[in-house]
Amino acid sequence: MKKNILEILKTYNLELNDQEVANQVKEIIASDFDSLYSVENLKKNFSLIDLTTLNSTDTHERAKRFADNVNNFRNDFDMPNVAAICVYPYQVPTLNENLKAEGVNIASVAGVFPSSQSYIEVKALECKMAVEKGADEIDIVISIGAFLAGDYQTVFDEIVAQKEACGKGHLKVILETGELKTATNIRTASIIAMEAGADFIKTSTGKVPVNATLEAAHIMTQAIVEYYEKTGRMVGFKPAGGISTPKDAIEFYSISNRNLGEKWLNNEYLRIGASSLANNLLSEIHKLETGEEKTITYF
């Protein structure tokens, strides 16, 4: 029987005050950031990275180079590897052929990323094909236009269809929070995505003017906890878009640490979508471990 998302949403309190959210975020960062900024947590954040290349100029050679770098990553400082490599669907077979590093997944955007502006049959087929070609995880974007028009049922139904198309693959649902604008919209979209079966909810594509913000992270992680308390199902969280420095990483980690708690703080339930962050974390870890300033460009 088809679920009515409008009826489901009535069971949640969706109204949030944007200024109150901003104040809560400031309090968390002021209280927790300094104590969490440590080599141990920088290494943990490295292990949460979905190492991402999503450029129109990407080639099979670039995807292979990403795989080779991850395969050859040397554990100089007792470091974990990254969680996944994230590419466009066309590059998935290249990663499937070349990625050998244990425990590193293949992630693919799909569903007509980043716009999500197409027929649901096309979006679902792209998800299905990416998994068939070797993707372990699929990142899609909600139909933002439908959401902003108030057509929440279409948003919900399309996520359900793409989740089904993924089969054994995990589904990360991007809310594109910078386009949703308000705290209430971000909370509503979070609930819709989780009720539709999302394995992760994710902030952003990295392709719009406003990407991941701490305020969006705060709203989404609080929604994850409420959903878990209602259903008993753990949903993961992935901030992405503009997270490039160790400071950025620990600020987002501070929000997850406060709101989600210890059982979410691993790469089964927490990811960071990033490209330059990996090298910047390695450089900072090297500095803190050795006292030597060194720019590391491993990836």
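The following paragraphs lead through this predicted model, from its sheet to the helices around it, the nonpolar core and one loop. Because the model is predicted, local features need pLDDT of at least 70 and side-chain atom pairs count only at pLDDT 80 or more, while totals for chains, interfaces and linings use all residues. Residues are numbered from 1 along each chain as its sequence is written, and side-chain values use heavy atoms, with hydrogens and water left out.

The sheet is a good place to begin. Eight strands form an open sheet with parallel pairing, in the order β7-β6-β5-β4-β3-β2-β1-β8; helices (H or I, at least four residues) and strands (E, at least two) are DSSP runs numbered from the N terminus, and two strands pair if DSSP finds at least two bridges between them. Because β7 (236-238) and β8 (272-274) stand at the edges with a single partner strand each, one side of each is left without a neighbour in the sheet. Neighbouring strands are turned by 25° against each other on average, direction ignored.

At the β7 edge, three bridges join this strand to β6 (residues 200-202), the two running parallel, and K202 stands opposite K238 in β7. Elsewhere in the sheet, four bridges join the parallel strands β2 and β3, and V87 has S108 in β3 as its bridge partner. Strand β3 (residues 105-109) is largely enclosed by the rest of the structure, because four of its five residues are buried, where buried means under 20% relative accessible area, exposed over 50% and partly exposed in between (1.4 Å probe, protein chains only).

Helices lie across this sheet. Helix α8 (residues 152-166) lies across β4 (137-141) and β5 (170-174), running at about 150° to β5, and helix α11 (residues 214-231) lies across β6 and β7, at about 170° to β7; these angles run from 0 to 180 degrees between N-to-C directions, with axes as lines fitted to C-alpha atoms, for helices over the stretch in contact. In helix α4 (residues 60-71), A63, F66, A67 and V70 are buried. They cover an arc of only 95° around the axis, taken from the directions from the helix axis to the C-beta atoms, which puts them on the same side of α4. The buried residues of α4 pack against β1 (49-52), β2 (84-87) and α5 (92-98), with contact meaning heavy atoms within 4.5 Å. In helix α10 (residues 183-195), 13 of 13 residues are buried, and just after α10, G197 takes a positive phi of about 110°.

V70 also appears in the largest nonpolar core, a set of buried Ala, Val, Leu, Ile, Met, Phe, Trp, Tyr and Cys residues joined through side-chain atoms within 4.5 Å. Of its 105 residues, F46, V70, I138, I142, V173 and F299 touch the most other members, and the largest share, nine residues, comes from α11. Leaving aside neighbours within four places in sequence, F299 is in contact with residues including F46, L51, V70 and F73.

The loop between β3 and α6 (120-132) holds P114, which a cis peptide bond with omega of about 0° joins to F113. V112, in this loop, has a positive phi of about 60° although it is not a glycine, and counts as partly exposed at 23% relative accessibility. S116 lies there too, with a positive phi near 60°, but counts as buried at 3%.

Notes:
Expected span 1.5 Å × (residues − 1).
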